[in-house]
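Please look through the model shown here before reading on. The turns below ask how the terms used to describe a structure are earned.

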Amino acid sequence: MEKKDLKYLKDKSLKTRRKVIDFHKRNRISHLGSDLSSVEIMTSLYYHIMRESDRFILSKGHASGIFYIILNDLGKIPDEQLNCLEEHPTIHREYGIYATTGSLGQGLSLGLGMALANPKSSIYVLMGDGECEEGQIWEAARYAGELGRRVSNLTGIVDCNGLQGFKKTDYSSYERRFSAFGLDTRICEGHNIADLIREITRKSDSAKIVLARTIKGKGVPSIEGQLKSHYSYQ
């Protein structure tokens, strides 16, 4: 797919955000805030960064709305199937969904396996900051650090929106913790597309972690940065 310029990506993010809001309202499903915080991350990946041979895992599976909307826009999910999919993704390779991610914490392990099995492809995993309280995330991070250059094609992105199901999150230690395992870890602004692209695509001799600071419910003032956005469908 041809890489899109910054103006296109900003416009696409705005249109995608509107489609996500409509999708949630039409289907009356929750987790709107989680979808909206990751719009620019997903737009940057699918319309600029990823190649056809690359793979993406939505580890924070409750943010399926943004995932489905983008895959539909790219022609991978047919219109007639868009409103019939599970609220948490299950494997549909024909649609470009390569992992079942209803249970939190598993995506980085899955991505690690894909990175080892497909050394010529880039593997991207989107996690939530609340999800990083799961121990399996840190087990995968430790092993990725041990593997070093062998998994330099793996990039984990953490959507640091500061909120999870029932409370605020504290991701202030994540840069230090991921780095301690030997992963190339950076912080960026998760709604700044140029910043995202620069950090996600930087060259590294190890697996990378991008901590993307975002706002939960971004674009809907009534739920921005509020806990209720986790369950809201507007």
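What follows is a set of questions and answers about this predicted model.

Q: What makes Met127 count as buried?
A: The relative accessibility of Met127 is 0%, and the term buried applies under 20%, so Met127 meets the condition and is called buried. Met127 is found in strand β2.

Q: Which residues does Met127 touch, leaving aside those up to four places away in sequence?
A: Contact requires heavy atoms within 4.5 Å, and with that limit Met127 touches Ser59, Lys60, Leu108, Ile137, Gly156, Ile157, Val158, Asp159 and Ile209. The C-alpha atoms of Met127 and Gly107 are separated by 7.3 Å, although these two residues stand 20 residues apart along the chain.

Q: In what order do the strands of the open sheet run, and with what pairing?
A: The open sheet has 5 strands in the order β1-β2-β3-β5-β4, with parallel pairing. At its edges stand β1 (55-58) and β4 (184-189), and each has a single partner strand, so one side of each has no neighbour in the sheet. Direction ignored, neighbouring strands of this sheet are turned against each other by 20° on average.

Q: How do you know that β3 and β5 pair?
A: Two strands pair if at least two bridges are found between them, and strand β3 (residues 154-160) and strand β5 (residues 208-213) are joined in the parallel sense over 6 bridges, so the condition is met. One residue that shows this is Val158, whose bridge partner in β5 is Leu211.

Q: Which helices lie on this sheet, and at what angles to its strands?
A: Helix α5 (residues 107-117) lies across β1, β2 (123-128) and β3, and runs at about 175° to β2. Helix α8 (residues 193-201) also packs on the sheet, where it touches β2, β3, β4 and β5, and its direction makes about 175° with that of β4.

Q: Why is α3 described as largely enclosed by the rest of the structure?
A: Of the 11 residues of α3, 11 are buried, so the helix is largely enclosed by the rest of the structure. Among them are Val39, Met42, Tyr47 and Ile49. Thr43 also lies in helix α3, and its relative accessible area of 0% is set against a limit of under 20%, so Thr43 is buried. Not counting residues up to four places away in sequence, Thr43 touches Leu9, Lys12, Ser13, His48 and Ile70.

Q: What makes up the largest nonpolar core, and which element gives the most to it?
A: The largest nonpolar core has 40 residues, and those with the most contacts inside it are Met42, Leu45, Tyr46, Phe56, Phe67, Ile157 and Ile200. At least two residues of this core come from each of α1, α2, α3 (39-49), β1, α4 (64-73), β2, α8 and β5. The helix that gives the most to this core is α3, with 7 residues. Apart from this core lies another, of 26 residues, among them Leu112, Val158, Tyr174 and Leu211.

Q: How do α3 and α8 pack, and which residues make the contact?
A: The axes of α3 and α8 are 10 Å apart, and the two helices pack at an angle of about 65°. The contact is made by Glu40, Ile41, Ser44, Leu45, His48 and Ile49 of α3, together with Ile193, Leu196, Ile197, Ile200 and Thr201 of α8. By class, these residues divide into 7 nonpolar, 3 polar and 1 charged.

Q: At what angle do the axes of α1 and α4 cross?
A: The axes of α1 and α4 cross at roughly 120° and come within 9 Å. The contact of α1 with α4 has 6 nonpolar, 3 polar and 3 charged residues.

Q: What makes Arg28 exposed, and where does it lie?
A: Exposed means over 50% relative accessible area, and Arg28 has 58%, so Arg28 is exposed. Arg28 lies in the loop between α1 (6-27) and α2 (32-37).

Q: What is notable about the phi of Arg28?
A: Most residues other than glycine have a negative phi. The phi of Arg28 is near 50°, which is a positive value in a residue other than glycine.

How values were computed
Residues numbered from 1 in each chain as written. Predicted model: local features only at pLDDT ≥ 70, side-chain atom pairs only at ≥ 80, totals over all residues. Heavy atoms only, no water. Helix = DSSP H or I, 4+ residues; strand = E, 2+ residues; numbered from the N terminus. Axes fitted to C-alpha atoms, helices over the stretch in contact; angles between N-to-C directions. Buried < 20%, exposed > 50% of the residue type's maximum accessible area, 1.4 Å probe, protein only. Core = buried A, V, L, I, M, F, W, Y, C linked by side-chain atoms within 4.5 Å. Nonpolar A, V, L, I, M, F, W, Y, C, P; charged D, E, K, R; others polar.
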